[in-house]
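User: Please take a close look at the helical packing of chain A, from its interior to the surfaces it shares with its partner chains. I should like one connected account.

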Amino acid sequence: MLSNFGNLLLFLNIILGFTLIYSAFRCLKLTESIIPKKIYQISALQSTLIIICFFTLIAAFIVSDFSLITVYQNSHTLKPTFYKIAGTWGNHEGSLLLWVVILIIFSFLFLIFTREHPKQFRIITLIIQNILIIGFLFFILFNSNPFSILSPISKEGLGLNPILQDPALAIHPPLLYIGFVGSSIYFSAAMASLITNYSQNSFAQSIKNWVLISWSFQSLGILVGSIWAYYELGWGGFWFWDPVENVSLLPWFAMTALFHSLIVFEKRGLFYFWVITLCLLTFILSVTGTFLVRSGILNSVHTFASDPARGIYILLFLCLMIFSSIYLLFKKYKKKDYDLNPNSKETFILVNNWFMMFYLITILLGTIYPIFTDVLTKNKISVGPPFYNIVILPFVTIFLLFMAIAPKVKWIKARFENLKNYIFILAGSLLINFLIIFLFKSYSILSNLIIISALFLIISSSFDAIKSYRDKKIDFAQIVSHASFGFLVLFIGLNDNFSIEKDYNIKLGEIKNFDNYTLKLQNLELKNFPNYKTVIGELEISNKETSIKDILKPEIRIYENPKTLTYEAAIKTNILKDYYITMSNIDRSDYYNIKFQKKPLMIWIWISTIMIVFGGLIRLFKNAKNN
Amino acid sequence: MQRIIKIIVPAIILFIMGVFFISLNKDVNYRTNSLIGKKIPNISLEYFNENKFYQKDIFKKSNYTLINFWASWCAPCRAEHPFLIKLSKEKNLKLLGINFKDKKKQAKIFLDNFGNPYDFLAKDEQGKHSIIFGTYGIPESILVNKNLIILKKFVGPLSTNDFNSIIEIIN
Amino acid sequence: MKFILVLITVLFNFSLLCGTEKTIDQNTIHKNLRCLVCQGQSIADSNSDFAQTVKLVIKDLIKEGKTEEEIYSFMADKYGEWIVFKPQLNQHNFLLWFLPYLALILGGVIIFLIIKRKRNL
């Protein structure tokens, strides 16, 4: 019953999509500059129906309706309700439905929030967005339908992988999708802007809040994914340069370059083609990412189950998007003579774009290069953290320095007035860096450079904050985000250099000594829970200097439905550091393998990232208020 | 300049899409073929029973040698064992068994119960030799010829097809 | 002011001189090798039997005095380039290492040209 209802709603939505496009075309021919009510109504109806459709799927998961293949494959009656709901979007078909929900809602919201903009522009945005919507709806209906039926109906589902049952991972897809699916609306707007020649500064107004919203949610989505990886995956890291991680990061660079370019475009009308290209690039990268992840051509820790047919459809869709974008771009491109002064905010933002593109190209290359070597030379290679660190890290130094200086540079033409201040700030950074080395330990030359530049950015932003408070010209959004980025790099740099990692094979009752610490496997306990059995290890870690003892309890868990073995890390967090322990058994012996890690300042890494997003939200709030 | 860009950019995109399309139909699973065609590394395998060591020259004693990594605790090893017994009867082929991360007593019981097909028996208690031969699990078998060249690798228990292909090669 | 500049020079040079030497680190090597029986994990992070064995072999190789690069070559020779996370610099992977820098330089050149255009007026 739920299946039929869901299918009906999907089908209705396709019809509505076509109706909307038809009405939109008709509206184009009318001379009034107001969009008829009918179009708003169809769009509202479309949104309502797709939301009901999505809730129908959620309902199917909650009641464990195993007649639906998707529910059968991804759920189980014993799952807690919260995870039953999260299971809705934790699979390929359900997540595609969520994708469409966001496409449709954003289409409607854009319509109602852009009343001051030219009718042609809004209508064509609507048309293009609905072409995307219909494309995805067809894909769902014919290839990846969450409402497809399984017969005969099973009494129990296959269950959801236990490592996916985590609150962070539950909200990770919705956050991320508002990010990169949200970018669809400014993709459509950019196409519309090209087609209708809407290239005045006001165009920036129509999309800037959407860019900010999608950027903020993309950042949060990435953050939450990293938090999940840290707490759940058991290796103590939060970023592995895994293809799926990279794929979520690529649109982020385009978005960041985009909203900085929008600042220039809005203020001075320059960089129109940068803005357009970045709008198109962001969503293209999103769909490319989805293709890479769902088609199965990338080997990664967290791919969805793969199916080549899916891949072909998405690839064709992607080709269509890319070639129509390129065609329009080439057709409408007009060469602009910029007249840029090297010492001007415009130039610095151009430099920012340059760096963003460098990071983007490097990560894109690293991610897809193995596909090329595999196809062209039959040789399989891996591109992992060492590649990205070697290529990108050296340039982060200069980038941080630019981030510190650029916000203060004036528009059009600036003078070298702040040089003295910068020298003082540099001295301060070097002093603090020196103190760190002196009090703790030294690190590589590259780390020195990065930490010094991060400190430079932080101190510089702090002075900016004080100055702007005094002058009453408060631009907190920029200061908060830039400073937090500096903090993020600083904390990651310190965390990376001062972490301790030890790997031991240890027996019950045994003690290991290292640095200032003593590690003892005190106890092993077997426990039974409703859906899993566990071996809990009790480890005591004592700090010889401070005599503080901590007890951590990592686990080895054996789940049924589906039958999985997981290793639960024991993590003790405080303001200064995390202790991180994982335990695994060694086959055919009574030794256990214990990995102990001390990770300084971990929680500050998460906090810095949240603060970066907070800066974006401050700007968004200010924009909304000014409207 | 603009015309060049207008040609190059679409061409590059087409190329990338083409590669993606081809890779859709490829097998993602990795097979370690890197050692095929190469020579056996210098080895020093400890005898199972004695404190002596096998060196490279044992491979010259027969036209073909099948190196087989096995252990008493490994269920698929038991499944492929009958094939090994059959192969031990081949004239052109000698079998080198490497007992992997096992206890001597258990291994002996296994061979007593199921038969000992091995012309040469070695042990690899820590498993380090398996890495030198480029294996990553057991059972795994490697077919080499008199000239110490690695001809074929079989990951997992020998299947009927594998058995047949071995017979074909050695004859 | 001069004092500050001198301080900067001194501190900067001191920090760099303190830069730690690169000694062979087992953990770094473990992190750079892929666990072939796991999905995307490194030898350092993996709990598998295969990872344990590889760690033993690496220990021996370090004792023998092999350098980091030699160890990677050894493993790549046995298992193919796929086992090493850092792409080796050879004719296949040359583009991978080269293109990012090319993009960076190209971008820089374009910006330079854009700015220069103004100067010519």
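Analyst: A residue is taken as buried if 20 or more other C-beta atoms lie within 10 Å of its own. Val224(A) has 23 C-beta neighbours inside 10 Å and therefore counts as buried. The model considered here is a predicted one.

Val224(A) lies in helix α9 of chain A. Leaving out residues up to four places away in sequence, Val224(A) touches Ala168(A), Ile171(A), His172(A) and Leu175(A). Phe355(A) lies 131 residues from Val224(A) along the chain, and the C-alpha atoms of the two are separated by 25 Å.

The nonpolar interior can be described next. The largest nonpolar core has 168 residues, of which Val100(A), Leu103(A), Val211(A), Ala254(A), Leu258(A) and Cys279(A) touch the most other members. Helix α9 of chain A, residues 202-232, gives the most to this core, with 16 residues. Beyond its neighbours within four places in sequence, Val100(A) is in contact with Ile50(A), Ile133(A), Phe136(A), Leu137(A) and Ile140(A). A second core, separate from this one, comprises 26 residues, including Trp70(B), Ala71(B), Leu96(B) and Val144(B).

Within chain A, one helix pair deserves attention. Helix α10 (residues 243-268) and helix α13 (residues 345-377) of chain A have axes that come within 9 Å and cross at roughly 165 degrees. Angles over 145 degrees count as roughly antiparallel, and α10(A) and α13(A) are therefore roughly antiparallel to each other. Their crossing is left-handed. By class, the contact of α10(A) with α13(A) has 15 nonpolar, 8 polar and 2 charged residues.

Helix α13 of chain A also takes part in contacts with other chains, as the following two interfaces show.

The contact between chains A and B takes 18 residues from chain A and 16 residues from chain B. On the side of chain A that touches chain B, the elements giving two or more residues are α12 (308-332) and α13 of chain A. Of these, α12(A) gives the most, with 8 residues. This side of chain A has 11 nonpolar, 4 polar and 3 charged residues.

The contact between chains A and C takes 52 residues from chain A and 42 residues from chain C. At least two residues of the side of chain A that touches chain C come from each of α13, α14 (385-405), α15 (419-439) and α16 (445-470) of chain A. Here α13(A) gives the most, with 12 residues. The residues on this side of chain A divide into 30 nonpolar, 16 polar and 6 charged.

One helix pair links chains A and C. α15(A) packs with helix α1 of chain C, residues 2-17, at an angle of about 35 degrees, the axes being 9 Å apart. The crossing of α15(A) with α1(C) is left-handed. From α15(A), the residues that meet α1(C) are Ile423(A), Phe424(A), Leu426(A), Ala427(A), Leu430(A), Leu431(A), Asn433(A), Phe434(A) and Ile437(A). Their counterparts in α1(C) are Ile4(C), Leu5(C), Leu7(C), Ile8(C), Leu11(C), Phe12(C), Phe14(C) and Ser15(C). By class, the contact of α15(A) with α1(C) has 15 nonpolar, 2 polar and no charged residues.

Methods. Residues are numbered from 1 along each chain as its sequence is written. Chains are lettered from A and ligands numbered from 1 in the order in which they are written. This is a predicted model: local features need pLDDT of at least 70, side-chain atom pairs count only at pLDDT 80 or more; totals for chains, interfaces and linings use all residues. Axes are lines fitted to C-alpha atoms, for helices over the stretch in contact, and angles run from 0 to 180 degrees between N-to-C directions. Helices (H or I, at least four residues) and strands (E, at least two) are DSSP runs, numbered from the N terminus. Angles under 35 degrees count as roughly parallel, over 145 as roughly antiparallel, 65 to 115 as roughly perpendicular and the rest as oblique. A crossing is left-handed if the near helix is turned anticlockwise from the far one by less than a right angle, and right-handed if clockwise. Ala, Val, Leu, Ile, Met, Phe, Trp, Tyr, Cys and Pro count as nonpolar, Asp, Glu, Lys and Arg as charged, and the others, Gly among them, as polar. Two residues are in contact if their C-beta atoms, placed from the backbone, lie within 7 Å. A nonpolar core is a set of buried Ala, Val, Leu, Ile, Met, Phe, Trp, Tyr and Cys residues joined through C-beta atoms within 7 Å. A residue is buried if 20 or more other C-beta atoms lie within 10 Å of its own, exposed if 12 or fewer, and partly exposed in between; C-beta atoms are placed from the backbone.
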